[in-house]
Each structure stands twice: as C-alpha cells, then as structure tokens.
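Colleague: Could you take me through the helix packing and the pockets of this model, with the criteria stated as we go?

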Amino acid sequence: MLTKKGKYGLKALVHLAHMPAGQLAFVNDIATGNNIPKKFLDAILGELRNAGFVQSRKGKDGGYRLARPADEIKVGHVVRVLDGPLAPIPCASRTQYQRCEDCNEATCQVRHLMLEVRQAIAEVLDQRSLAEMRDIVLDDLTVARAIDELPVKVQA
C-alpha cells in the first residue's frame with residue numbers, strides 16, 4: 001500500500017514536473033498547493049534529493065527542481081525509494097526478499113498470489129514516467145465514472 005510519504009512525494013514531484021525546466025519551486029508553494037504538511041514535505045524532499053530525483057538551492061531565491069527530465073523518472077523507482085518494496089509481503093519481494101518462517105514457499109497459495117500482485121503493480125509503476133503522471137487529464141466525466149465503479153458497502 002502506498003503510504004502518505006509515497007503519495008506526498010509523488011505529488012511534490014508532479015508539482016515540480018509542471019514547472020518550466022530549471023525553475024525552482026518554494027517548499028511552501030509545493031506544500032500549500034498539494035495540501036502537504038510542510039515539515040513532512042521537508043523530510044520527503046530531502047530523501048528525494050539524496051536519491052537524485054530533485055536538486056535544491058538554499059537561500060532567499062532557493063527551492064527545489066527536478067534533477068532530470070520528468071520523462072526519465074519512473075514512478076516505480078520513486079515509490080521504492082520512499083516506501084520500500086512494491087510487494088505486499090516480504091516473501092514476494094524482489095528487492096528485499098525475506099523467507100517466511102511459517103509456510104512452505106513452494107506450495108503457499110498466499111505467496112503465489114502475492115507474487116502476481118507484486119508483478120502487476122510493478123508493471124504499471126515501472127512503465128509510467130513522472131511526465132506521464134503529470135499529463136494525466138481527468139475531466140468530470142472520467143472522475144464520475146471512476147466513482148460509480150467503486151464498490152459500495154450498504155449498511156442495514
């Protein structure tokens with residue numbers, strides 16, 4: 001599951017992807033424009049800088065910008081940096097595999113299903129760039145259709 005850290009990091013990167021090349025964005029503007037707590041965003045942007053996704057400059061005219069073009073940044077890489085492995089359980093992870101103590105991995109149906117889940121997630125996130133994410137256009141009809149397709153729990 002994507003954590004708030006991962007979600008906020010992606011939102012911040014999309015914000016920066018909307019900026020003209022080389023232009024810096026203030027942390028306050030990113031935080032306010034995306035409803036992200038500034039202190040949390042500061043820490044996230046630090047991680048994104050250390051991972052090479054953003055560059056920063058201090059001072060009155062400082063701020064953040066993408067370190068490379070948005071079409072070269074894959075969403076899956078960002079999520080792995082901020083949230084860790086894509087797999088829902090450790091024995092299905094490719095990057096941080098951990099053997100289960102309580103089951104036989106060769107015959108565990110849960111593990112085999114989670115391997116499929118991990119693969120499906122990776123196929124989507126590793127194929128999409130930050131530029132593609134930035135350019136997603138949602139009109140009211142698309143959003144309404146998506147909401148109508150959500151499962152609804154009826155309470156009696």
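The exchange below turns to a helix contact, an aromatic pair and two pockets.

Modeller: This is a predicted model, in which local features need pLDDT of at least 70 and side-chain atom pairs count only at pLDDT 80 or more, while totals for chains, interfaces and linings use all residues. Residues are numbered from 1 along each chain as its sequence is written, and side-chain values use heavy atoms, with hydrogens and water left out.

Colleague: How are the axes of helix α1 and helix α3 oriented, roughly parallel or roughly perpendicular?

Modeller: Helices here are DSSP runs (H or I, at least four residues), numbered from the N terminus, and axes are lines fitted to C-alpha atoms over the stretch in contact, with angles from 0 to 180 degrees between N-to-C directions. The axes of α1 (residues 4-17) and α3 (residues 38-50) come within 10 Å and cross at roughly 75 degrees. Because angles of 65 to 115 degrees count as such, α1 is to α3 roughly perpendicular.

Colleague: Which aromatic pair links α1 and α3?

Modeller: Contact means heavy atoms within 4.5 Å, and among the residues that meet are Tyr8 and Gly9 in α1 and Phe40 and Leu41 in α3. Rings pair if their centres lie within 6.5 Å, and planes over 60 degrees apart count as edge-to-face; the count comes to one aromatic pair. Edge-to-face, at 5.7 Å centre to centre and 80 degrees between the planes, it is formed by Tyr8 and Phe40.

Colleague: Which charged residues line the largest pocket?

Modeller: A pocket is an open set of points on a 1 Å grid where a 1.4 Å probe fits, with protein on both sides within 12 Å along at least five of seven lines, and lining residues have an atom within 4 Å of a point. The largest has a volume of about 270 Å³, and its lining divides into eight nonpolar, no polar and two charged residues. With Asp, Glu, Lys and Arg counted as charged, these are Arg128 and Glu132.

Colleague: What volume has the second largest pocket?

Modeller: Its lining includes Met1, Pro85 and Ile121, and α4 and α5 each give two or more residues. The space in this pocket is about 190 Å³.

Technical notes:
Parallel < 35°, antiparallel > 145°, perpendicular 65-115°, else oblique. Points joined across faces, edges and corners; volume = space filled by probe spheres on them. Phe/Tyr/Trp six-rings, centres within 6.5 Å; stacked < 30°, edge-to-face > 60°.
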